[in-house]
Amino acid sequence: MEARMKSVANPDVITAIQHLHKAIHAGGVDPLVLELVHLRASQINGCSPCVFAGVQSAKKHGETEERLHNVIAWRETPFFTEEERAALALTEAATRIQDNAPGVTDEIWDTAATYFDENQMSAIILNIAITNFFNRINHTIQEQAGKAW
């Protein structure tokens, strides 16, 4: 399978994405938490280029192989902090909104809000949204894993 397009982004879109990334990283969230959020949303959506890129980026931030191999089963492992678990639960709930899924319940929100302040919650939510944005673009154009952007 080959990608249908080389890129869907024009310079204005690239600038907007850069501004979103700047806002996300200015939110005060540990970069490894943001990497876990990106990876988990991409796993849920089956976006191979984003999973690939997420693993590579997480490694650059010092993430371990053990934890990376277990993000998909984070609930059943001892490898993640309560803060990371709250971010992962929020990620899953915000990503799985199809077919009348419950989405982000008050319990999920309240748990995340005990670990993250409003600026951090905003950064995590934006990170989830931009990851889902890229996942959908990559599915549409059939982007392949292994590219460096």
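How many disulfides does a search of the whole structure find? The count comes out at 0. Keep in mind that this is a predicted model.

## The cysteine pair

Let's look at Cys47 and Cys50. A disulfide is a covalent bond between the sulfur atoms of two cysteines. For Cys47, the closest cysteine sulfur sits in Cys50, 3.5 Å away, and that is too far for a bond. The cut-off here is a pair of cysteine sulfur atoms within 2.5 Å, so a gap of 3.5 Å doesn't make it. Looking from the other side, Cys50 is in no disulfide either, and its nearest cysteine sulfur is that of Cys47.

Are these two cysteines buried or exposed? Cys47 has a relative accessibility of 2%, so it counts as buried. Cys50 is buried too, with a relative accessible area of 5%.

## How α5 and α6 pack

Now for a pair of helices. Helix α5 covers residues 82-95 and helix α6 covers residues 106-115. Their axes lie 9 Å apart, and the two pack at an angle of about 140°. That angle is why α5 counts as oblique to α6. As for handedness, α5 passes α6 in a left-handed crossing.

## Who touches whom

Which residues of α5 and α6 meet? On the α5 side they are Glu82, Glu83, Ala86, Ala89, Leu90 and Ala93. Their partners in α6 are Ile108, Trp109, Thr111, Ala112 and Tyr115. Sorted by character, the residues of this contact divide into 8 nonpolar, 1 polar and 2 charged. The charged residues are Glu82 and Glu83, both from α5, while Thr111 in α6 is the polar one.

Key:
Residues numbered from 1 in each chain as written. Predicted model: local features only at pLDDT ≥ 70, side-chain atom pairs only at ≥ 80, totals over all residues. Heavy atoms only, no water. Axes fitted to C-alpha atoms, helices over the stretch in contact; angles between N-to-C directions. Helix = DSSP H or I, 4+ residues; strand = E, 2+ residues; numbered from the N terminus. Parallel < 35°, antiparallel > 145°, perpendicular 65-115°, else oblique. Left-handed = near helix turned anticlockwise from the far one by under 90°. Contact = heavy atoms within 4.5 Å. Buried < 20%, exposed > 50% of the residue type's maximum accessible area, 1.4 Å probe, protein only.
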